[in-house]
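Me: I would like a close look at a single part of this protein, taken slowly and with the numbers kept in view. Please choose the part that carries the charged side-chain contacts and describe it in one connected answer.

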Amino acid sequence: MVAEETSKVEAQPNCPAEADTEPVPEQKPTDDVVVENSEKPGSKHRDEVLARVATEKKDALIKAWEESEISKIDNRAQKKLAAIRAWENSKKAELEAELKKIKEKLEKKKAKYTEKMKNKIALVHKTAEEKRAITEAKRGEDVLKAEELAAKCRATGSSPKKLTRWFSSS
């Protein structure tokens, strides 16, 4: 009888809730054992113990199945989470590489424009120096002309024609 119960319990389908075995009614042990006509006094107690063992065995199998399923679910979830982390890391690395490339490109552009601006500043400075030099040279020439004209006027005793326009009383 024990061999029949174990074979029925082991031949259960994947879901332990749909067992082929008949449910064993719960029997509470009693102090006074009622002896039926055909049974021995210890056989009822033995049947109760066997039923309890069968129930415990079934419960243990159900618990083992449940733990196995939960373990499979956890492993599957961990595998998916690891795949998601790997995907996220690869996408992050890809975007960071693209950002680095863009930064380098912008740095090159910035250096190029900075060089252009420095060249323009140097050109403006050079032009300003040339203009200053021309202005200083013209000033020197004008001062020299004025001194020559003043010396000529002193030598001849006449006043310069340009000056007479300003001081003449007309």
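Reply:

**A close look at helix 2**

In this predicted model, the side chains of Glu-129 and Arg-132 form a salt bridge, with 2.6 Å from N to O. The two residues are three apart in helix 2, so about one helical turn separates Glu-129 from Arg-132. Neither partner is buried, because a relative accessible area of 40% makes Glu-129 partly exposed, and Arg-132, at 46%, is partly exposed as well.

That contact belongs to a count of three salt bridges, and the other two can be read in the same way. Lys-72 and Glu-69 are joined through their side chains at 3.6 Å, N to O. Helix 2, which covers residues 43–156, holds both of them three residues apart, so Lys-72 and Glu-69 are again separated by about one helical turn. Lys-72 is partly exposed, its relative accessible area being 45%, while Glu-69 has a relative accessibility of 24% and also counts as partly exposed; since buried means under 20%, Glu-69 lies outside that class.

The remaining salt bridge brings together the side chains of Glu-88 and Lys-92, at 3.8 Å from N to O. Here the spacing along helix 2 is four residues, which is likewise about one turn of the helix. Glu-88 is partly exposed with a relative accessible area of 36%, and for Lys-92, also partly exposed, the value is 43%.

Helix 2 also carries charge of another kind, in that Lys-116, which lies in this helix, is one of the residues of a positive surface patch. The patch gathers Lys-105, Lys-109, Lys-112, Lys-116 and Lys-120. With 42% relative accessibility, Lys-116 is partly exposed, and because a patch residue must have over 30% relative accessible area and no salt bridge, that value meets the accessibility part of the rule.

The course of the helix can be checked against its length. At 1.5 Å a residue, the 114 residues of helix 2 should span 170 Å, and the C-alpha atoms at its ends are 164 Å apart, so the expected and modelled spans agree. After helix 2 comes Gly-157, which has a positive phi, near 80 degrees.

Not every position in the helix is open to the surroundings, since Glu-48, Leu-50, Ala-51, Ala-54 and Cys-153 are buried in helix 2 by the cut-off of under 20% relative accessible area. For the protein chain as a whole, buried residues make up 5% of its 170 residues. The chain exposes about 15,700 Å², and carbon and sulfur atoms supply 58% of that area.

As for the setting of this part, the protein chain has three helices and zero strands, and its elements run α-α-α from the N terminus on.

Methods:
Residues numbered from 1 in each chain as written. Predicted model: local features only at pLDDT ≥ 70, side-chain atom pairs only at ≥ 80, totals over all residues. Heavy atoms only, no water. Buried < 20%, exposed > 50% of the residue type's maximum accessible area, 1.4 Å probe, protein only. Areas by Shrake-Rupley, 256 points an atom, 1.4 Å probe, with all protein chains shown as cover. Salt bridge = Lys/Arg side-chain N within 4 Å of Asp/Glu carboxyl O. Patch = residues over 30% accessible without salt bridge, like charges linked within 9 Å, V, L, I, M, F, W, Y side chains within 5 Å. Lys, Arg positive; Asp, Glu negative; His and termini not counted. Charge placed at Lys NZ, Arg CZ, Asp CG, Glu CD. Expected span 1.5 Å × (residues − 1).
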